Amino acid sequence: SCLVGSEMCIRDRICNEAGVKEQVFYRHFRDGADLAHKVVSAWVSDATKRFEAIERADTPFTEKLELIHRLGADLAAKPGPVFVEDIIRLDINMSGITTRTLRFMEEAQKRGYLRGDVRPEVLHAVQSCLDRLQHDAVIRHLYREPEFLFRDLFNIYFEGVLGTKAR
């Protein structure tokens, strides 16, 4: 048995599931970090294409926001907790996605779709925090269906927490 999170354990698990020998793994990847880098790079490329498609879509702005929120949630859900540690150590350039998201938010502010009195960087940071909350075991346990949690977080982000009497 191997230690969870160790590179050897991850390599062995990948080789077992793929039905290949260890030498085959090393023909494609230098080590576990190389594998993680290639996987995350593919995720970033896919996310960029999906984001561009959302930007180009001829749909109402609120629908675009929901699609972007779902995209962020999908990306946050991809890695398991063991893989996250490897990802954090990598030097993956996520600035392209962040820049596009901020530009999208700035344009939304100019058009009056998002509050203009909050910096886009703060809006982006709040969205990222809410995306991560969807994967918190304690919070998830409160909901029978993940869709209900998604809807609550979406409403908090886009409607705020104040009731109509407080607004």
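This passage describes the fold, the nonpolar core and selected side-chain environments of a predicted model.

The chain contains nine helices and zero strands, and the elements accordingly run α-α-α-α-α-α-α-α-α when read from the N terminus. Of the 167 residues in the chain, 29% are buried. Among the contacts made at a sequence separation of 6 or more, 58% join residues that are 24 or more positions apart.

Confidence in the prediction varies along the chain. The mean pLDDT is 77, with 78% of the residues at 70 or more. Helix α8 (residues 137-140) has the highest mean, at 88, whereas helix α5 (residues 81-89) has the lowest, at 53. Over residues 1-5 the pLDDT falls below 50, and this stretch has six contacts in the model beyond near neighbours in sequence. Where pLDDT is low, the predicted coordinates should not be read in detail.

The largest nonpolar core comprises 20 residues, and within this core F61, F104 and L114 are the residues with the most contacts. Two or more core residues are supplied by each of α3 (32-56), α4 (61-77), α6 (95-110), α7 (120-133) and α9 (146-159), and the largest share, six residues, is that of α3. Helix α3 is built from 25 residues and spans 36 Å from its first C-alpha to its last, close to the 36 Å expected at 1.5 Å a residue. The buried residues of α3 are G32, D34, L35, A36, V40, W43, V44, A47, F51 and I54. When residues up to four places away in sequence are set aside, F61 touches F104, A108, Y113 and L114.

Aromatic side chains were examined next. Four aromatic pairs are present in the structure. In one of them, formed by F51 and F104, the ring centres lie 6.0 Å apart and the planes stand at 75°, so the arrangement is edge-to-face. Because F51 belongs to helix α3 and F104 to helix α6, this pair ties together parts of the chain that are 53 residues apart in sequence. Both partners are buried, F51 with a relative accessible area of 3% and F104 with one of 11%. The pair formed by F150 and F154 has its ring centres 6.1 Å apart and its planes at 20°, and it is therefore classed as stacked. These two residues are four residues apart in helix α9, so that about one helical turn separates F150 from F154. An α-helix has 3.6 residues a turn, so residues three or four places apart point the same way. F150 and F154 are both buried. The face of F150 is also overlaid by R70, which lies at 3.9 Å from the ring centre. Beyond the individual pairs, F51, F61, F104 and Y113 form one aromatic cluster, and two of these residues, F61 and F104, are also among those with the most contacts inside the largest nonpolar core.

Three further positions illustrate the surroundings of individual side chains. Q127, located in helix α7, has a relative accessibility of 7% and therefore counts as buried, the cut-off being under 20%. Apart from neighbours within four places in sequence, Q127 is in contact with I68, H69, T101, M105 and Y157. L149, in helix α9, is likewise buried, with a relative accessible area of 4%. The contacts of L149, not counting residues up to four places away in sequence, are with L133, Q134, I139, R140 and Y143. Of these partners, L133 is 16 residues from L149 along the chain, and the C-alpha atoms of the two residues are separated by 9.2 Å. V118, by contrast, is found in the loop between α6 and α7 and is partly exposed, at a relative accessible area of 22%. With neighbours within four places in sequence left aside, V118 is in contact with Q109 and L123.

Notes. Residues numbered from 1 in each chain as written. Predicted model: local features only at pLDDT ≥ 70, side-chain atom pairs only at ≥ 80, totals over all residues. Heavy atoms only, no water. pLDDT = per-residue confidence, 0-100. Contact = heavy atoms within 4.5 Å. Core = buried A, V, L, I, M, F, W, Y, C linked by side-chain atoms within 4.5 Å. Buried < 20%, exposed > 50% of the residue type's maximum accessible area, 1.4 Å probe, protein only. Expected span 1.5 Å × (residues − 1). Phe/Tyr/Trp six-rings, centres within 6.5 Å; stacked < 30°, edge-to-face > 60°. Lys NZ or Arg CZ within 6 Å of the ring centre and 35° of its normal.
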